[in-house]
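The exercises below are meant to be worked through slowly, with the sequence and the structure at hand. Read each task, try it alone, and then compare your reasoning with the solution.

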Amino acid sequence: MNSQQYSSPENFTDTRYLAYRFYTETIEVSRMSALAFFEAGEQQFKGKRMFWQNREKTFTWVGLGHAHVISAHSPHGRFEQIKEEWQSLCKQIVNEEREVQPILFGGFSFDPLNEKDSVWTKFPEAYFAVPTFQMIIKGERAYVSIHLITKDKDTFTAFDALRKERDRLIHSAQVSELKKYRKPLVVKRTELKKDEYLDSIKKVTAVIKAKQAEKVVIARALKLNFDQPLAPASALSQVSEEQPESFLFGMEAENQFFFGATPERLVKVEDRQALSTCLAGSTPRGKTVEIDAALGNELLNDKKNRSEHQFVVKMISQVFDAHSSKMFVPKTPKLMKIRDIQHLYTPVEGELKDGSNLLDLVRDLHPTPALGGEPKQEAMSLIRQYETMNRGYYAAPVGWIDAKGDGEFAVAIRSALLDGKDAYLYAGGGIVEDSHPEAEYDETWVKFRPMLRVLGGQMSDES
Ligand SMILES: C=C(O[C@@H]1C=C(C(=O)O)C=C[C@H]1O)C(=O)O
Ligand SMILES: [Mg+2]
């Protein structure tokens, strides 16, 4: 690469964030593997790496290092805090002309008011970062950006060092194959609090029959112990091979790594067009085309699953109604078929009203009745009361927003937390009046399956 071609880094100042200066530079690079770029940061940026790929595979994003972290530790006002700090920071960096925008990536915990013991020790209630190095693959083109956000005045040396590091990362990602990892052996698999989980479904069903709530999503966890720690790059590469039809995400917080392959979009905004998906109601895939179609048809006509689904459509439509105009919601759900499971699926579209932004939608949508319940507050308090664990970031929004306000958040299901030689996997289901504990238990196994295939730990009779 020829350093002569670089223009000098741009510098913006702003009254509120006056102390900060934002320096950035983007170059287009020849296409390379995003996972190789992620892995190239293994030494220098361990604990500060992030990964995202959308469901359509048209947008892949990798962040290495933290140029700036925006996190929230208080249970209240975390969505506003992230939004306001990001907007303040953006005042200095927004440049409509710029083809590649700096991106803030991160996620939220499911419920900051849950006081149960948590294994999510390194994840605050909201955890976002602008990376030092950002790689974007959009269609056929790839870009690497440097972000330096600092209060120092003399940044020449620092920026120069970042250019060198960028060149090293690009070189390393372009020449080296992704390391071949040995899949760690699962030495133990534990269903955490299985009996309490089954019991909680009975109780919650009774509460619903007594009309205290209409729907409540109850989840459970599996714990795997490995013979050695699993590398995040390896986990991501496995999951991208196994789940091509999902959003892929990964985020490190020090020595913990949260990742997954979720089919569920919470909300996407592009040029003020907002899109959400209602995804609830499930049945397995069939072994033959005929059985698969029959299962799908049954699902489309099943009263219990349709009611699970309808709560989600109603709530997301209400939130969209408040934030957008020209809303469009199909009258009946379709099927979304992914590798192990099929779901009822209804897309919701709208055009954002003035004054509404992506993070407002995230705040008002989370959790939809696909992961929380209906009514929202009653469901949340029933989850706090009856669910046997602390969800951490499972079932919560994870995603990105750029300097223009475009971005996308997924619902972090079909996911796992890696912590040294342990992994925690999560799955749940929507409980309505006519739910049955054993059927819900079986449904969670289908939802665990993709992560078990990625991590190992499925029993020999499971495919
Ligand atoms: C709760 C999960 O999935 C959610 C629950 C579903 C259901 O109960 O039918 C379907 C899709 C998701 O909205 C999970 O995967 O853990
Ligand atoms: Mg269900």
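**Exercise 1. Find the annotated region and describe its make-up.**

Solution. Start from the record: an unreviewed UniProt entry places the feature "domain: Chorismate-utilising enzyme C-terminal" at residues 194-447. Next, turn to the model, which is a predicted one, and look at the secondary structure of that stretch. Over residues 194-447 the chain is 36% helix and 37% strand. As a last step, locate the two ends of the region, whose C-alpha atoms are 16 Å apart.

**Exercise 2. Determine how the chain is divided into domains, and describe the contact between them.**

Solution. First, take the bounds: domain 1 covers 3-175, and domain 2 covers 186-455. Second, compare their positions, for the centres of the two domains, taken over C-alpha atoms, are separated by 26 Å. Third, count the residues that take part in the contact, to which domain 1 gives 42 residues and domain 2 gives 45 residues.

Fourth, ask which elements build the side of domain 1 that touches domain 2: those that give two or more residues are α1 (34-40), β3 (49-53), α2 (78-91) and β5 (103-108). Of this side, β5 supplies the largest share, with six residues. Finally, sort the residues by class, and you will find 23 nonpolar, nine polar and ten charged residues on the side of domain 1 that touches domain 2.

**Exercise 3. Describe the surroundings of ligand 1.**

Solution. Begin with the number of neighbours: 18 residues surround ligand 1, and the closest are S282, A370, I413, G428 and G429. Then look for the strands in this shell, where β9 (215-226), β13 (273-284) and β21 (422-431) each supply at least two residues. The classes complete the picture, since the shell around ligand 1 has eight nonpolar, six polar and four charged residues.

**Exercise 4. Decide whether the overall dimensions of the chain agree with those of a compact globule.**

Solution. Count the elements before turning to size: the chain has ten helices and 21 strands. Along the principal axes, its C-alpha atoms fill a box of roughly 70 × 50 × 45 Å. The comparison then follows from the length, because a compact globule with 463 residues would have a radius of gyration near 23 Å, and the chain, with 22 Å, agrees with this. Two further values describe the packing of the chain: 48% of its 463 residues count as buried, and, among contacts between residues at least 6 apart in sequence, 76% join residues at least 24 apart.

**Exercise 5. Classify Q92 and Q377 as buried or exposed, and give for each a partner that is distant in sequence.**

Solution. Take Q92 first, which is found in the loop between α2 and β5. Q92 counts as buried because it has 21 C-beta neighbours inside 10 Å, where the cut-off is 20 or more. Its partner is Y20, which is 72 residues away in sequence, while the two C-alpha atoms are 8.9 Å apart in space.

Now take Q377, which lies in helix α9 (residues 376-386). Q377 has 10 C-beta neighbours inside 10 Å, and therefore counts as exposed, a class that requires 12 or fewer. Q377 and A213 are 164 residues apart in sequence, with 9.5 Å between their C-alpha atoms.

**Exercise 6. Find backbone geometry that departs from the usual pattern.**

Solution. Recall the general rule to begin with: most residues other than glycine have a negative phi, and most peptide bonds are trans.

Step one concerns the peptide bonds. The bond from H366 to P367 is cis, with omega near -15°, and P367 has its place in the loop between α8 (358-365) and β17 (373-374). Another cis peptide bond joins E374 and P375, with omega about -10°, and P375 lies in the loop between β17 and α9.

Step two concerns phi. E254, which is not a glycine, has a positive phi of about 50°, and it lies in the loop between β10 (247-253) and β11 (256-262). D271 is also a residue other than glycine, and its phi is positive, near 50°; D271 lies in the loop between β12 (265-270) and β13.

Step three adds the environment. E254 is exposed, with 11 other C-beta atoms within 10 Å, and D271 is exposed, with 9.

Note on methods
Residues are numbered from 1 along each chain as its sequence is written. Chains are lettered from A and ligands numbered from 1 in the order in which they are written. This is a predicted model: local features need pLDDT of at least 70, side-chain atom pairs count only at pLDDT 80 or more; totals for chains, interfaces and linings use all residues. Domain bounds come from an automatic or database domain assignment. Two residues are in contact if their C-beta atoms, placed from the backbone, lie within 7 Å. Helices (H or I, at least four residues) and strands (E, at least two) are DSSP runs, numbered from the N terminus. Ala, Val, Leu, Ile, Met, Phe, Trp, Tyr, Cys and Pro count as nonpolar, Asp, Glu, Lys and Arg as charged, and the others, Gly among them, as polar. UniProt positions are given in the numbering used here, feature names are shortened, and annotations may be inferred rather than shown by experiment. A residue is near a molecule or strand if its C-beta atom, placed from the backbone, lies within 6 Å of it. The radius of gyration is taken over C-alpha atoms; the globule rule is 2.2 Å times the number of residues to the power 0.38.
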